[in-house]
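Student: Hey, could you walk me through this model? I'd like to start with how far to trust it.

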Amino acid sequence: LSLHAPIKNHKIGIGFNYFQEDVNFLRNGYASAALAYHIIFNKVNTLSFGLSGEYNFMRLAGTSNSNTEDIEYQKLANGDFNDLDFSFGTLYQTKYLKIGLAANRLATAWIKDDNQKVLSSYYSGFVQGLIPLRRANDLLEPYFSYRSMSATNSVYDIGLYYTYDNKITTGIAYRSGSMASATLGFRIGPKVFIGYSQEIFLNGTRQQTGGNHEFTLRLDFNEYHYKNRFIADYKASLAYRRKTLTMMPPRVGASTPEKFHKQQKKLKGHSPNTRYHVVKRPKRHKQHGITPRSQMMKRKR
């Protein structure tokens, strides 16, 4: 069970996760809570930092023929297999790429080896591509992840997933250790997604363990999918091209010099400069250099 939500206009994210598995007479449980902070540079570039705390426990879940006097069995029966830990990670996302790194279980990173404390090699990282197809109606996602559990134990995954029109998702993946998986999912409406995955071994272990079947039910209360990330840009570019190819810009002024001169002639009478120059100025008197008042009155009449 996984729940997550954004707050503070997507600048902060909170999440909760619970996982449980029953294997024979053992029950493993894992619960975690996470807090993330996102630095949003622009529409498509984001740098995120996350901190999570986790609680692991192991219990008895059924009967067994184990020796009840065994110390390990008594610890399981008394619920003494508990562990608290925390992890830290960062993620950088661009329009077409996601890159993430994490240091896991830092509280138990210092382990004892021959009475000496050494740093555990439990870290992980992944790279995921986001490639829009068919004018951003579809999405192709290549994926690669690497997890180092210890100095001698590591796991890598490589996969390829394809989403058609935000309705159908399919993909295949390979994990080190000769393990392959296939995934198929359907989106039922804008907020509900169901999926199925099967994981099988490709070597002789398959005859002993069989396959692993996983079913997924996802509810998106805040509808946000890859089309919001890509299709708006495609629509804007297409609309811009259509406008520049089929529509003329609004005309400002004349299109030719001849039309420009004609417009100037029509507007010449309304020009303040023209009205100023056509005003008749009084003539100066020949002897005194001024115009007599009587002549000015006559002109007014």
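Tutor: Happy to! This is a predicted model. The mean pLDDT of the protein chain is 79, with 72% of its residues at 70 or more.

Student: Which residues have a pLDDT below 50?

Tutor: The pLDDT is below 50 over residues 243-250. Apart from near neighbours in sequence, that stretch has one contact in the model.

Student: OK, on to the surface. Which residues make the nonpolar patch?

Tutor: The patch is built from Tyr37, Ile39, Phe41, Phe49, Leu51, Phe86, Phe88, Tyr92 and Leu106, and it covers about 810 Å². Strands E3 (26-40), E4 (46-60) and E5 (81-93) each give two or more residues to it.

Student: And where does the largest share come from?

Tutor: From E5, which supplies three residues.

Student: Let's pick Phe49. Which strand is Phe49 in, and why does it count as partly exposed?

Tutor: Phe49 sits in strand E4. Its relative accessible area is 34%, so Phe49 is classed as partly exposed, because that class runs between 20% and 50%.

Student: Changing topic: is Ser197 buried or exposed?

Tutor: Ser197 counts as buried, because its relative accessibility is 18% and the cut-off for buried is under 20%. Ser197 belongs to strand E15, residues 192-201.

Student: What does the side chain of Ser197 join in a polar contact?

Tutor: The side chain of Thr183, at 3.0 Å.

Student: Which other residues is Ser197 in contact with?

Tutor: Setting aside neighbours within four places in sequence, Ser197 is in contact with Ala182, Asn212, His213 and Glu214 as well as Thr183.

Notes:
Residues numbered from 1 in each chain as written. Predicted model: local features only at pLDDT ≥ 70, side-chain atom pairs only at ≥ 80, totals over all residues. Heavy atoms only, no water. Patch = residues over 30% accessible without salt bridge, like charges linked within 9 Å, V, L, I, M, F, W, Y side chains within 5 Å. Areas by Shrake-Rupley, 256 points an atom, 1.4 Å probe, with all protein chains shown as cover. Salt bridge = Lys/Arg side-chain N within 4 Å of Asp/Glu carboxyl O. Helix = DSSP H or I, 4+ residues; strand = E, 2+ residues; numbered from the N terminus. Buried < 20%, exposed > 50% of the residue type's maximum accessible area, 1.4 Å probe, protein only. Polar contact = N/O pair within 3.5 Å; in protein donor to acceptor, adjacent residues only side chain to side chain. Contact = heavy atoms within 4.5 Å. pLDDT = per-residue confidence, 0-100.
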